[in-house]
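Open the model in your viewer and keep the selection panel at hand. The tour goes from the whole interface to its parts.

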Number of protein chains: 2
Amino acid sequence: MSAQVSARDFPLPPAPPEAELPEPLPEPSRDELRLEAVLAALSDPLRIGIVRKLLLESVEHDHTCTWFGLDRPKSSLTHHFRTLREAGLIRQRQYGPSRRNRVRVEDLEDRFPGLLALVADWTPVE
Amino acid sequence: MSAQVSARDFPLPPAPPEAELPEPLPEPSRDELRLEAVLAALSDPLRIGIVRKLLLESVEHDHTCTWFGLDRPKSSLTHHFRTLREAGLIRQRQYGPSRRNRVRVEDLEDRFPGLLALVADWTPVE
DNA sequence: CCACTGGTACGACTTCTCTCGTACTACTTG
DNA sequence: CAAGTAGTACGAGAGAAGTCGTACCAGTGG
């Protein structure tokens, strides 16, 4: 059956008050995004799962690393989230002691239209 | 400026007489294609360049590995073309002594719609 | 049959990536 | 200030991947 999630047109996040948020951690600018790097970051099942979960369950809200419920040591999670940020897939902000993540939907749709729809349709191996 | 190649809708190849062609080398079936594997294969600049060139310059014709004019040893090319075939991006057929490649446009558009458009728009680092 | 062409297979080497333990830092709360 | 929470940095080990030389093989054409 393979119920395909129809996630073609992402509602762009309703322009939150960016000015009031903590500064994002260092990340490539929209123009610096490289398709090879983005694809490499997404080629790991854990990471594409993270991006997919963020897309489907929280386009408008940021989430901490632990929100994902991943059964990995903290140092492994740091590695994967940093990989995603350095490739330009997610934006990370420091909220007090914790760090929150969101997908860079606007930037990615602008540079690589349709890519996030593929991520949203992805399913892990059974 | 970045003149974006508008390559959204690929003309599906006009159904060549598949029966008369040599058998394809072993490859994953359409249902076996995995997005992670496809993205991993495309995350190498040399390989995404190969797929892009095949897409833009020869959708309807197969090409040998040497046609690409890549300045690498033969054994390296064998490695990259096999990687692309095993990920399901290209189909390879043996024509006498040489081996010819084409992109699996139909299968990829069916499973991962829009992905090939991103590949066609890709440009190498200057 | 011999040389040429267009590849493959194998193996070595190097580099990258994933994984994770340990130690540490930053902030919050009592 | 002490304890708890959420994360980082460092570094080591294992495995995967890229690079490429060498030897080899299958057709093609003289």
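How much area do chain A and chain B bury between them? The two chains bury about 1700 Å², with 67% of it on carbon and sulfur atoms; buried area is the accessible area (1.4 Å probe) that two parts lose on being put together, summed over both.

This is a predicted model, in which local features need pLDDT of at least 70, side-chain atom pairs count only at pLDDT 80 or more, and totals for chains, interfaces and linings use all residues. Residues are numbered from 1 along each chain as its sequence is written, chains are lettered from A and ligands numbered from 1 in the order in which they are written, and side-chain values use heavy atoms, without hydrogens and water.

Select A:Glu36, A:Leu39 and A:Leu118. In chain A they lose the most area to chain B, together 32% of what that side buries.

Next, show the helices of chain A (DSSP runs of H or I, at least four residues, numbered from the N terminus). Helix H1 (35–42), helix H2 (45–57) and helix H5 (115–121) each supply at least two residues of the side that touches chain B. H1(A) gives the most, with five residues.

Now select the contacts, meaning heavy atoms within 4.5 Å: 18 residues of chain A meet 18 residues of chain B.

Finally, superpose the chains by least squares on the C-alpha atoms of residues with pLDDT of at least 70 in both. A turn of 180° and a shift of 0.0 Å along the axis lay chain A on chain B with an RMSD of 0.0 Å. The two copies are thus related as by a two-fold rotation axis.
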